[in-house]
Amino acid sequence: MNDALLDAARKTVSTLAANAARTERDLTPAPESVAAVRAAQLFALTVPRAAGGQEANLHTLVAILAELGKGCPSTAWVVGLNAANKSGARLMLSPAAQDAVLADPDAVFCASNVMSRDSNAVRVPGGVRISGRWAMASGSEVASLAMVPVPLPTDTTSAVAMVLVPASDLTVERTWRAAGLAGTSSHTLVAKDVFVPNHFVAYPDADGPAQTLSPEAMFVGGLATLAPMIGAAHGARDLVADAIAGGRAPYMTTYTRIADSPLGRYWFTEALQRTDSAMRRTLWVADVLDALPQGDEMSVTERAQLRIELTTAARECREAMELLLDLHGASGFAEDNPLQRFWRDIAVGTRHPFFTPYILAEDYGRLTFDVTPTVSLAL
């Protein structure tokens, strides 16, 4: 654990919290929040030290993103996906493109794998020309670079190439208007006949970087999206704890404080246990992956077990949030109460495809009884 980085993250939380409502309203992280994160060098979490970054391990990444999530889950989400994207760039982009990503360690780097059917690339002298749309590119409006896939025709078929594109060459359609995590700027990137030079293209038929992430590498994205949700649950827990400590009373009861109710205290303890359990599970998965020797692969069953842990943690965040709302009461849903924003952000963020519980449960059952192959392509 990098204590200095964690301390820097804690110091940004008040700025993120002060701008959380604005971030949600504007559908993108507030400039003040972006500036605070950049000043703390948290956009460089997974950038190698040789390139001026922090080279944080996954345990540190989870702890920092959870801290940021206490202030603004949307901003923490962007920080997390930026970290995952920079980590993935080392496996998916050409060496020259990787160098461009690392040229400014504190820049925001967005990516999308949600490609429209009409997306295409045409080989031209010196590179390719691309057109298309890529949805759910978190951080799209604060990023300076983007990584997207394009179908590239070959002599016999069509394969996928990964390309690096300056954000200035793209336009952003503000398509992400959701009940939760609205401030993540997870909008649609649009390219219209954009030229991408050869050194920014990872051709599918070239020797070099893999075109898909390994299952182990995919966990970075899973951890990066779950940790802000754990932070949101902790942020909600702190709000309710403050309300209880401040003398909040159960409406129309003989109690003068929630804290006087044995079941009120139990309810809060249950929420406390669930948020703490979610954090322990997630840090445990991060530690397992941190300890994995470079180049080694886990078995499918081991990967499934880790994903079950993360999916359980996601469910615990939702359960804790419901308990906290029960304690706080209907005023927690007022628009000016941060509690309802935490609730909506958790409801959306914990339903990221990485945490699809019924698919993971199905695969775990298949593996238990040797009914293979699994249905998940991420195992």
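Select Leu181 in this predicted model; Leu181 is placed in the loop between β7 (171-173) and β8 (187-197). Its backbone carries a positive phi of about 55°, although Leu181 is not a glycine. With a relative accessibility of 3%, Leu181 counts as buried, because the limit for that class is under 20%. As background to this stop, most residues other than glycine have a negative phi, and most peptide bonds are trans.

**Two further backbone stops**

Select Met136 next, which is part of strand β4 (residues 127-137). Here too phi is positive, near 55°, in a residue other than glycine.

Then move to Thr372 and Pro373, which are joined by a cis peptide bond. The omega angle of this bond is about 10°. Pro373 belongs to the segment after α11.

**Helices α1 and α4**

The tour now turns to pairs of helices. Two packed helices are described by the angle between their axes and the distance between the axes.

Select residues 3-18 for helix α1 and residues 58-71 for helix α4. Their axes lie 7 Å apart, and the packing angle is about 20°. The two helices, α1 and α4, are therefore roughly parallel to each other. The crossing in which α1 passes α4 is right-handed.

To display the contact, choose Leu5, Leu6, Ala9, Arg10, Thr12, Val13, Leu16 and Ala17 on α1. On α4, add Thr60, Ala63, Ile64, Glu67, Leu68, Lys70 and Gly71. Colouring the contact of α1 with α4 by class will show 9 nonpolar, 3 polar and 3 charged residues.

**Helices α7 and α10**

Select helix α7 (residues 215-245) together with helix α10 (residues 338-349). The axes of α7 and α10 come within 9 Å and cross at roughly 155°. Since angles over 145 degrees count as roughly antiparallel, that description applies to α7 and α10. In this case α7 passes α10 in a left-handed crossing.

The α7 side of the contact consists of Met229, Ala232, Ala233, Gly235, Ala236, Leu239 and Val240. The α10 side is made by Pro338, Leu339, Phe342, Asp345, Ile346 and Gly349. By class, the residues of the contact of α7 with α10 divide into 10 nonpolar, 2 polar and 1 charged.

**Salt bridges**

How many salt bridges does the structure hold? There are 19 of them, and the following stops visit several.

Begin with Asp276 and Arg237, whose side chains meet in a salt bridge at 3.0 Å, N to O. This pair links distant parts of the chain, for Asp276 is in helix α8 (residues 262-290) and Arg237 is in helix α7, 39 residues apart. Is each partner buried or exposed? Asp276 is partly exposed, with a relative accessible area of 27%, whereas Arg237 is buried, at 12%.

Remain on α8 and select Arg281 with Glu309, a salt bridge in which the closest N and O atoms are 3.0 Å apart. Glu309 lies in helix α9 (residues 300-328) and Arg281 in helix α8, so this pair ties together parts that are 28 residues apart in sequence. Glu309 counts as partly exposed at 22% relative accessibility, and Arg281 counts as partly exposed at 24%.

Continue to helix α11 (residues 357-368) and select Arg366 and Glu362. The closest N and O atoms of this salt bridge are 3.3 Å apart. Why are Arg366 and Glu362 separated by about one helical turn? The reason is that they are 4 residues apart in helix α11. Arg366 is partly exposed, at 23% relative accessibility, and Glu362 is partly exposed as well, with a relative accessible area of 33%.

Finally for this group, select Arg22, Arg25, Asp26 and Glu32 together, as these residues are linked in a network of salt bridges.

**Thr256, the last stop**

Select Thr256, found in the loop between α7 and α8. Thr256 counts as exposed, with a relative accessibility of 56%. Which residues does Thr256 touch, not counting residues up to four places away in sequence? They are Gly247, Arg248 and Ala249.

To conclude, add Met298 to the selection and display the distance between the two C-alpha atoms. Thr256 and Met298 are 54 Å apart in space, C-alpha to C-alpha, and 42 residues apart in sequence.

Conventions
Residues numbered from 1 in each chain as written. Predicted model: local features only at pLDDT ≥ 70, side-chain atom pairs only at ≥ 80, totals over all residues. Heavy atoms only, no water. Axes fitted to C-alpha atoms, helices over the stretch in contact; angles between N-to-C directions. Parallel < 35°, antiparallel > 145°, perpendicular 65-115°, else oblique. Left-handed = near helix turned anticlockwise from the far one by under 90°. Contact = heavy atoms within 4.5 Å. Nonpolar A, V, L, I, M, F, W, Y, C, P; charged D, E, K, R; others polar. Salt bridge = Lys/Arg side-chain N within 4 Å of Asp/Glu carboxyl O. Buried < 20%, exposed > 50% of the residue type's maximum accessible area, 1.4 Å probe, protein only.
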